[in-house]
Each structure stands twice: as structure tokens, then as C-alpha cells.
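Dear colleague,

Please find below the structure that I am handing over to you, followed by an account of what was found in it.

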Amino acid sequence: MSSTEENAPHGGIFDLVFRGQRVLTTAGIVPREVGVRDGVVIALEPLGNNLQGHQVIELADDETLIPGLVDSHVHINEPGRTDWEGFASATRAAAAGGVTTVIDMPLNSIPATTNVAALELKRSVALDQAFVDVGFWGGAIPGNKADLRPLHDDGVFGFKCFLLHSGVDEFPPLDADEMEADMAELKSFDSIMIVHAEDSRAIDRAPTAAGDHYDKFLASRPRGAENLAIAEVIERARWTGARAHILHLSSSDALPMIASARRDGVRLTVETCPHYLTLMAEEIPDGGTAYKCCPPIREASNREKLWEGLQDGTIDCIVTDHSPSTLDLKDLENGDFAVAWGGVSSLQLGLSLIWSEARHRGIALEQVIQWMSTAPAELVGLHKKGKLAPGYDADFAVFAADDAFVVDVTKLKHKNPITPYDGRALSGVVRRTFLRGQEVDFQTPTGKLLRRGEITVDRPVNA
């Protein structure tokens, strides 16, 4: 390690120094001092080297300094459906949960992010509201193939498509041939197609979800629909050579073919979500539409196989798929799973949810952060996010891994007070969050808008 003086000019005084017994570095959790200047980690040295800073934070013995999480699957919904969620509420919730970077999905806002004009509108709305850094996915829909390269050049991190109705009419699905044509286009500039993989034909032939019984809803979104669609994505990625990413994997049946495709050299990555790893169909109550999401939460045995897929490396990362809505859209009065909006709100809770499960399984915090920070940053190509190391952005969370709390939905920073985790006891509390060395105060937005491939980013107008 370089000396403090070499790492830190101007007399070795940093803007901010952390000192603690538990700092999660690329070498594991070790005693370290962290020196930050201009929002970047400059020095990482053994505890006791006495780095000097204008601000010095001494971590408590029960606190671990971790890299801020990167959540690459968040539906913020603004503009157009800001009553569902918005940039201010979503990014406050993210920061409260230790998430310092989110990548916004292209649908549920109006207009959807399917051309440059829509992207610029979304950026203009987000610019002075973001409490964490925000990037954007583009959308691939029928007829917008000519918009893909301009969106890429304007900084989106890749493109999302659906293989069945998305739930909103302004974001129609691609058929498999259209997806292949768009994949070939993306291959020409090495972008990535991220896919909601459920087969529309299989779901059209499945039983109805009508009513308040969860088992009927589960039967309406069978594993086979997911398996068929994932097989289609694999083969189209194989034929085109394009990068493809499976969103929110729910069916553990698909794990062997995913592993096989990757051994064959198919450029495929996979995510899953906290709700598939912490909840199970057997425990979902009648009328419990807060649990409705697509693809659905499946059985306990399926959940165990997803954990195995994470541990053997078949699944790359864990992201929330935070997909909120207003309370009325969840049909709470009737609890009809066919009527209710499908989406789980968990952006603020993701780290605590996964850590609570992981520690019971003997999985280390370092591995959890790999799944929830390092791997998502690598997926989207954010080369200064996802690790606590020299040269990386000083995005941190102070995490008390042994502390505990009970989820109170009325105290979450999400806009609408509904989540299936209300009343659930969780381990791990995020006590403080820092974005590029500045503590998030939840009053002044200091987040920036990220563009693919650029180190420089947009600054909020009030910064």
C-alpha cells in the first residue's frame, strides 16, 4: 500500500476518514482506515496509521463499513405515474436501505423510455430530486429498433423487453423473432438485452387467477412459462452472440439450462430478488395481494434451489425489482389476485432481508455484498461502484449486522405504505449512508444522473 503522503497530497489531510475494526474491502472484513477526497476513496490503510481528515468517523465495534449497494432493477414510475412512486421517495428509500446507486426501469413511467426524447424528459424530472445516483435502462418494444442505438449513445445501460404483456399498454411485448432482431442490433454496439422471461402462450393456456386464493394465482403463472421463455432467450442469444440477462428469476427449474448455456459460451447473466429468496407460497395468506408479483413467489423447495443457484454461481446478483403501486391498485378490499397490480415494494429493505436469510445459512456478509453491490455494478458497467477500494466512489453504508428491527410499513420512505414484509423481524440495520463521501441527510438531494461509459455525470441543479 502506498504511504499516506503519496496517496494524499495537501499535507495528507483528507476530506473524510473512517476508522474501524470492520471495513469490508476486497480482502474481506478487516481493520482499516479509509481516506476520502473529492468523493473518491484515495487511501485504504491498516487501522492505527492515523490518517488525518477534516471529518473523522470512528465506527462502533458493532458497525461494518460496506460499499453502497447497486440496485439495477427499480421501477420509479416518474413522470406519469408519480402517485405510484417518484424519484424523491424512491431514492430516499434506497439511501435508507444502504443503496447508493439505482438503475431505473423504462416502463411504468409515461412516456416509457423507448426513445431519446422520453429519456431526456425523465432526466429533467429526476435531476434535482435524486438522493442517490440514478441511471436508466432503455426499452425495446415493437417498432423502435431505430431508437436503440441513439438511446445507447445517450447513455442508457442496456435495453429491457417483455415476452408477454407488461401490464401497461404503452410498453408492448416483443415476440421471439423481434427480440432476436433487436439482439442482433444490440450486438453491433455490445449493449445488453434484459428480458422479462415468461411465455405468453403458456400463460394464456394456464388456469385463471381470479379470486383470493394464492394457489390459484400461482397456477396461473406456471414454472413452465418461465422455463420456455428462458430457453427462447438462451437460443436467441446463442444465435446472435448478443449479451442477454434474465430478470427476476423465479423458477429454479431453469437453473440447469442456464448453467449449461453458460458452459457453452452463451453470454448470459441472471438475477433474482429478495422476495423469491425470503418468502414462500405456502405461507402467503388468502387475499394477500401485497405478495403478488410476476413471475410469482413459489414454493419453499423452489426457494432453496434458488439459494443453491446463488452459491454455485449460476445466479449472478440479487436486486429488488421494486415495483410499487397505489394501495387501490392492490385491490386490498377484495384481495383478488387477478385484479391486483403485480409488484413487491422492498427497495429500503433488500439488504436486511437478504442478510437475515443469509446469516442463518452460514453465508458471510462479504458474499451478500458481492451479490448486491459488486455484481450489479459489473452487470451495468459501473467501474467506480460496487467495491470499497482506492479509485472507487466513496459510496458507503454503515451497517450494524447484529442489530435487529421489526418492519413498520408506515415508517418506510416508499411513497405507498404497503409491503409483504410489514411486521417481519429482520437482522441488520443501516445506520448511515454516504454518497461520494457526503452523508445522505434525506433533505438535500445530492445524487447524480449516470450515463453508460462516462465517468462524468450530470449534477443536480441545487448542488
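Strand E6 (residues 69-74) is joined to strand E7 by 4 bridges, and the two strands run parallel. Please note that this is a predicted model. Within this pairing, Leu69 has Val99 in E7 as its bridge partner. Strand E7 spans residues 99-104, and 6 of its 6 residues are buried, so the strand is largely enclosed by the rest of the structure.

These two strands belong to an open sheet of 3 strands, ordered E6-E7-E8, in which the pairing is parallel. E6 and strand E8 (133-136) are the edge strands, each of which pairs on one side only. From one strand to the next, the twist averages 20 degrees. Helix H13 (residues 365-380) lies across E6 and E7 and runs at about 65 degrees to E6.

There is also an open sheet of 6 strands, with parallel pairing and the order E9-E10-E11-E12-E13-E14. Its edge strands are strand E9 (138-139) and strand E14 (317-318), each pairing on one side only. Inside this order, strand E12 (residues 243-246) is connected to E13 by 3 bridges, and the two run parallel. Ile246 stands opposite Val270 in E13.

I turn next to a pair of helices. Helix H8 (residues 223-240) packs with helix H9 (residues 255-263) at an angle of about 5 degrees, and their axes are 10 Å apart. Because angles under 35 degrees count as roughly parallel, H8 is described as roughly parallel to H9. On the H8 side, the contact is made by Asn227, Ile230, Ala231, Ile234 and Arg238, which meet Met257, Ile258 and Ala261 in H9. By type, the residues of this contact divide into 6 nonpolar, 1 polar and 1 charged.

Which residues of H9 are buried? They are Leu255, Ile258, Ala259 and Ala261. These residues cover an arc of only 160 degrees around the axis, which puts them on the same side of H9. The general background is that an α-helix has 3.6 residues a turn, so residues three or four places apart point the same way. The buried residues of H9 pack against H8, strand E13 (268-272) and helix H11 (300-311). The exposed residues Pro256 and Arg263 are carried by the face of H9 turned away from its buried side. After H9 comes Gly265, whose phi is positive, near 95 degrees.

The last site is in a loop. Gly342 lies between E14 and helix H12 (350-360). Is Gly342 buried or partly exposed? Its relative accessibility is 24%, so Gly342 counts as partly exposed; the cut-off for buried is under 20%. Gly342 and Lys292 are 50 residues apart in sequence, yet their C-alpha atoms are 5.0 Å apart in space. Once its neighbours within four places in sequence are left aside, Gly342 is in contact with Lys292, Cys293, Ser323 and Lys330.

Yours sincerely

Conventions
Residues are numbered from 1 along each chain as its sequence is written. This is a predicted model: local features need pLDDT of at least 70, side-chain atom pairs count only at pLDDT 80 or more; totals for chains, interfaces and linings use all residues. Side-chain values use heavy atoms; hydrogens and water are left out. Axes are lines fitted to C-alpha atoms, for helices over the stretch in contact, and angles run from 0 to 180 degrees between N-to-C directions. Angles under 35 degrees count as roughly parallel, over 145 as roughly antiparallel, 65 to 115 as roughly perpendicular and the rest as oblique. Contact means heavy atoms within 4.5 Å. Ala, Val, Leu, Ile, Met, Phe, Trp, Tyr, Cys and Pro count as nonpolar, Asp, Glu, Lys and Arg as charged, and the others, Gly among them, as polar. Buried means under 20% relative accessible area, exposed over 50%, partly exposed in between (1.4 Å probe, protein chains only). The arc is that of the directions from the helix axis to the C-beta atoms. Two strands pair if DSSP finds at least two bridges between them.
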